[in-house]
Amino acid sequence: MVDYALDRENAEPERYELREPPAHIFAVNRREFFGIAGAGLVIAAAAQQAAGQGSARSGALEARLHIGEDGTITVLSGKVEEGQGALTELTMAAAEELRVPLSQVRTLLCDTDRTPSDGITAGSRTTPGTVPGVRRAAAAARTLLLTTAARQFQVEATRLEVRDGAVTHGGRRYTYADLARSPELAAAYKNPPQGGALTPVKEWRILGKPQPRVDARDIVTGAHRYPSDIVRPGMLYGCVLRPPSYGATLESVDLEAARKMPGVIAVRDGSFAGCAAPTSFAARKAVEAIAAGAKWKVAPHPSSDGLFEHLKKHASRDARPRGERGNVEQALAAAARRLKASFQVAYVQHAPMEPRAAVAEWHDGRLTVWTGTSNPFSVRQQLAEAFHIGTDRIRVIVPHFGGGFGGKHTGEAAVEAARLAREAGRPVKVCWTRAEEFMWAYFRPAALIEIEAGLDARNSLSAWEFANYNSGTAALGTPYRVANVRETFIPSDSPLRQGSYRCLAATANNFAREAFMDELAEAAGKDPLEFRLAHLDNERIKNVLTAAAERFGWAERRKKRRPGVGIGLACGTEKNSVVAAFCEVEVDRESGTPRLLEIVEAFECGAILNPVNLRSQVEGCIMMGLGPALREEILFRGGRLTNGRFRAYRVPRFRDLPKTEVILLDRKDLEPAGAGETPIIAVAPAIANAVFDATGTRVRSMPIRLPRR
Amino acid sequence: MATIKFTVNGTARSVETEPERPLLEVLREDLGLTGTKYGCGEGQCGACTVLLDGRPTLSCITPAREVQGRKVTTIEGLAANGKLHPVQQAFVEESAMQCGYCTPGMVLRTVSLLERNPNPTDGEIIEGLNGHLCRCNGYHRIVAAVRRAAVLAGKQS
Ligand code: FES
Ligand code: FES
């Protein structure tokens, strides 16, 4: 069922976290090792029973969809819900194709024992990959119900109507519940038809309509249990001993001080040491007690001050261009004008509101883990490696969790909780503190980007050389027409642990490219909008640019000047969607930090599935993008972060809210694409360009800061 | 260890605890009220907000000893007899959440904001909620929810 393999081999290079070696490989526990042999069959049978209660299921449909004897439809998907809206979207997809109200569908997301693997939840792939899968399964089920009913009515299936969870013919009616109980359906289920026709966009009754989060009530009442809220009988709270600095290794630790405390267990296993106790307060005290005497071997670590020199100095020598056409050297030599600039993008942290959390429980050599990760099947694998057991003995359950943004593709808390739980012989919960999340989660890669371009005598782009150091390949390629191009990604030695972040390197690449396009437009003596349009063939980008320009009033506002205030624009494409942003900023020379006053962003991602959620995603991207554009920047020295707290690392707040307008272009003729990422990539460059408009200064780094006066 | 007696969502409770433990952990770990969230532990995000004698309070930086004899309302205590509080209702209707992890704190802050100021301007909403972080939804929907809550609450009283 994996429609899109985002595994170690196929993922973009900047998904560094997917290729990390395991953080811990624990010592083999011999007693458990023998204890679990032979238990597999029982578990497999039990699992099948649990999932198959009272229903017609088997064959190819079973992994995806399940119709209970009461007519309740259960959709199963290995995708996870982290706030991006997968739960509601998949529920809508099934309800649409099965012609039932939304309330009749229950969607069960990732539980490795019960749901199919849909791969990692990343790359905006749920919409183009999993939604069609669910729709096809639901359409196949509809066909099946229809043919079963036809046989019972003894009429042609084409003469039947399916609506509101029932098949009708004349006055007679079979509900899905009736059909689900019929032995004929159970028989037919074994050989499901290959698909059924998908409902065309113009006949959609549920998809395409605004739909709030289906479990909103549980959220506003506090009833929903996030991974950090899971409680198991007899559970202890865990706390892990962290190294004092990056690269430090544990030489010795005395656990006695902790073990003397009531109810505390303490363990050291290789590089891992931690405690579990009846409360998290007691667990922290226990870890403080062992930390006092722990001996570490520390390693030298560079500082964020010399970061970009470091990245350049340690750049790979054998990087090959990812995109190359024409002859860049010749074109540059022949250019009427040449421009060159380099751009810097700082490390940033995802800082989801819920830090990493997991509960682990061992039972007869079998491990169950509840955790917040977008990559559950790979976390299961990680656990299998760490504990030397088969993945068939591990169940990973992912309750809807509190935000990820690409930052939760790994299973640190799960591994830690499982190790402590094995020691304690009881379930253990590990919730990372905010400080741990800042320091020990992975970061969005820092980027150094060098661009050189040439304009010909008619002021058209003739040469384009683009090099990204360290951050990655997403949106590396220019969407602008230029005959001679070389685009290269050059890996380097990252001082910090780095990995995926919402839209990957597309933000850095688009920032540099779009800021530089403004410089080229200026050199060419052209309006930045006209200069872009003149070099674009992609109609979809042109459409969003034009739509946003009109709403913003670009042409009129270019003529009016206000001191200290400037306007700018940027556009881009990634993950099969397109975006354009126009903005106005005010520059406060005292603080050096610009303020975003207004932004108009147009976005198009094909046919819209859920307009409320889409708008919320775009608004969320704008606000999240504002952080690294203006303030967010991870600073480190001596192997420690110097600003790993919300007090020092300022993420956007209510007060930063600009006047915002979001324009959603609905292209019903195009397949829906994912929308949770691309809207972020136009924010920072539009601001940088507006800052230039206001001040005449080109700021070629993120965060965008002016020298203080 | 100390015995702390206080009222939680209208019910008298008594816990044995280290008096310095954060109220947040007492609620979540001792009383099973996990609707109150941890976001930072440094008073910067508002996820842990509860009402202490009706005033919004950051439970992550409030030691347990401080609630002796006082009244605490958590998100679990807001809906009466299964009927959502108007603020909760407004958050649902405005889709003012993505992951929803920040929502309980935002809802409780809004309850208290509207008690003091039943018809806040957008500027007052922004000032009132500025201590709360949401990483997902871009704040607009939350501002809209507070506006709607003011209307719903007005209708009810
Ligand atoms: S958890 Fe209390 S303010 Fe963040
Ligand atoms: S909805 Fe996720 S933090 Fe607010």
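**Exercise 1. In this predicted model, find the partner that A:Glu412 pairs with in a salt bridge, and work out what the pair ties together.**

Step 1. Start with the partner: A:Glu412 forms a salt bridge with A:Arg356, and their closest N and O atoms sit 2.8 Å apart.

Step 2. Now place both ends. A:Glu412 belongs to helix H13 (residues 412–424) of chain A, while A:Arg356 is in the loop between strand S14 (337–345) and strand S15 (357–363), so the bridge ties together parts that are 56 residues apart in sequence.

Step 3. Check accessibility. The cut-off for buried is under 20% relative accessible area. A:Glu412 has 11%, so it counts as buried. A:Arg356 has 3%, so it is buried too.

Step 4. Look beyond the pair. A:Arg356 and A:Glu412 belong to a salt-bridge network that also includes A:Glu20, A:Glu437 and A:Arg497. As background, side chains of opposite charge can pair when their charged atoms come close.

**Exercise 2. Take A:Arg486 and describe its salt bridges with A:Glu324 and A:Glu465.**

Step 1. With A:Glu324, the closest N and O atoms of A:Arg486 are 3.3 Å apart. This pair links distant parts of the chain: A:Glu324 is in strand S13 (residues 321–325) and A:Arg486 in strand S21 (residues 484–490), 162 residues apart.

Step 2. With A:Glu465, the closest N and O atoms of A:Arg486 are 3.0 Å apart. A:Glu465 lies in strand S20 (residues 461–469) of chain A, 21 residues from A:Arg486.

Step 3. Is each end of the A:Glu324 pair buried or exposed? A:Glu324 has a relative accessible area of 52%, so it is exposed. A:Arg486 has 15%, so it is buried.

Step 4. For context, the structure holds 60 salt bridges over all chains.

**Exercise 3. Work out the surroundings of A:Thr127 and A:His310.**

Step 1. A:Thr127 is found in helix H4 of chain A, and a relative accessible area of 11% makes it buried.

Step 2. Skip its neighbours within four places in sequence, and A:Thr127 is in contact with A:Glu89, A:Pro132, A:Leu609, A:Pro672, A:Ala673 and A:Gly674. The side chains of A:Thr127 and A:Glu89 are joined by a polar contact of 2.7 Å.

Step 3. Next, A:His310, which is in helix H10 (residues 307–313) of chain A. Its relative accessibility is 15%, so it counts as buried.

Step 4. Not counting residues up to four places away in sequence, A:His310 touches A:Pro302, A:Ser492, A:Asp493 and A:Pro495. A polar atom of the A:His310 side chain lies 3.0 Å from the backbone oxygen of A:Asp493.

**Exercise 4. Characterise the interface of domain 1 and domain 3 of chain A.**

Step 1. Get the bounds: domain 1 covers 25–199, domain 2 covers 228–297 + 356–431, and domain 3 covers 510–702. The contact takes 12 residues from domain 1 and 11 residues from domain 3.

Step 2. Domains 1 and 3 bury about 800 Å² between them, with 53% of it on carbon and sulfur atoms. On the domain 1 side, helix H3 (86–98) and helix H4 (126–153) each supply at least two residues.

Step 3. Count the polar pairs. There are 0 salt bridges across the interface of domain 1 and domain 3, but 4 residue pairs in polar contact.

**Exercise 5. Do the same for chain B and chain A.**

Step 1. The contact takes 50 residues from chain B and 56 residues from chain A. The buried area is about 4600 Å², and carbon and sulfur atoms give 56% of it.

Step 2. Across the interface of chain B and chain A there are 6 salt bridges. B:Arg28 forms a salt bridge with A:Asp229, with the closest N and O atoms 2.8 Å apart. The count of residue pairs in polar contact between these chains is 28.

Step 3. Which chain B elements give two or more residues to the side that touches chain A? They are helix H1 (23–30), helix H2 (86–93), helix H3 (103–116), helix H4 (122–129) and helix H5 (140–156). H5(B) gives the largest share, 4 residues.

**Exercise 6. Locate the nonpolar cores.**

Step 1. The largest nonpolar core has 194 residues, and A:Leu383, A:Leu461, A:Trp464, A:Leu520, A:Phe582 and A:Ile687 touch the most other members.

Step 2. Helix H15 (residues 506–523) of chain A gives the most to this core, with 10 residues.

Step 3. Another core, of 39 residues, lies apart from it, with A:Leu102, A:Val105, A:Leu145 and A:Leu146 among them.

Definitions and conventions: Residues are numbered from 1 along each chain as its sequence is written. Chains are lettered from A and ligands numbered from 1 in the order in which they are written. This is a predicted model: local features need pLDDT of at least 70, side-chain atom pairs count only at pLDDT 80 or more; totals for chains, interfaces and linings use all residues. Side-chain values use heavy atoms; hydrogens and water are left out. A nonpolar core is a set of buried Ala, Val, Leu, Ile, Met, Phe, Trp, Tyr and Cys residues joined through side-chain atoms within 4.5 Å. Buried means under 20% relative accessible area, exposed over 50%, partly exposed in between (1.4 Å probe, protein chains only). Domain bounds come from an automatic or database domain assignment. Contact means heavy atoms within 4.5 Å. Buried area is the accessible area (1.4 Å probe) that two parts lose on being put together, summed over both. A salt bridge is a side-chain nitrogen of Lys or Arg within 4 Å of a carboxyl oxygen of Asp or Glu. A polar contact is a pair of N or O atoms within 3.5 Å; within protein, one must be able to donate a hydrogen and the other to accept it, and residues adjacent in sequence count only if both atoms are side-chain atoms.
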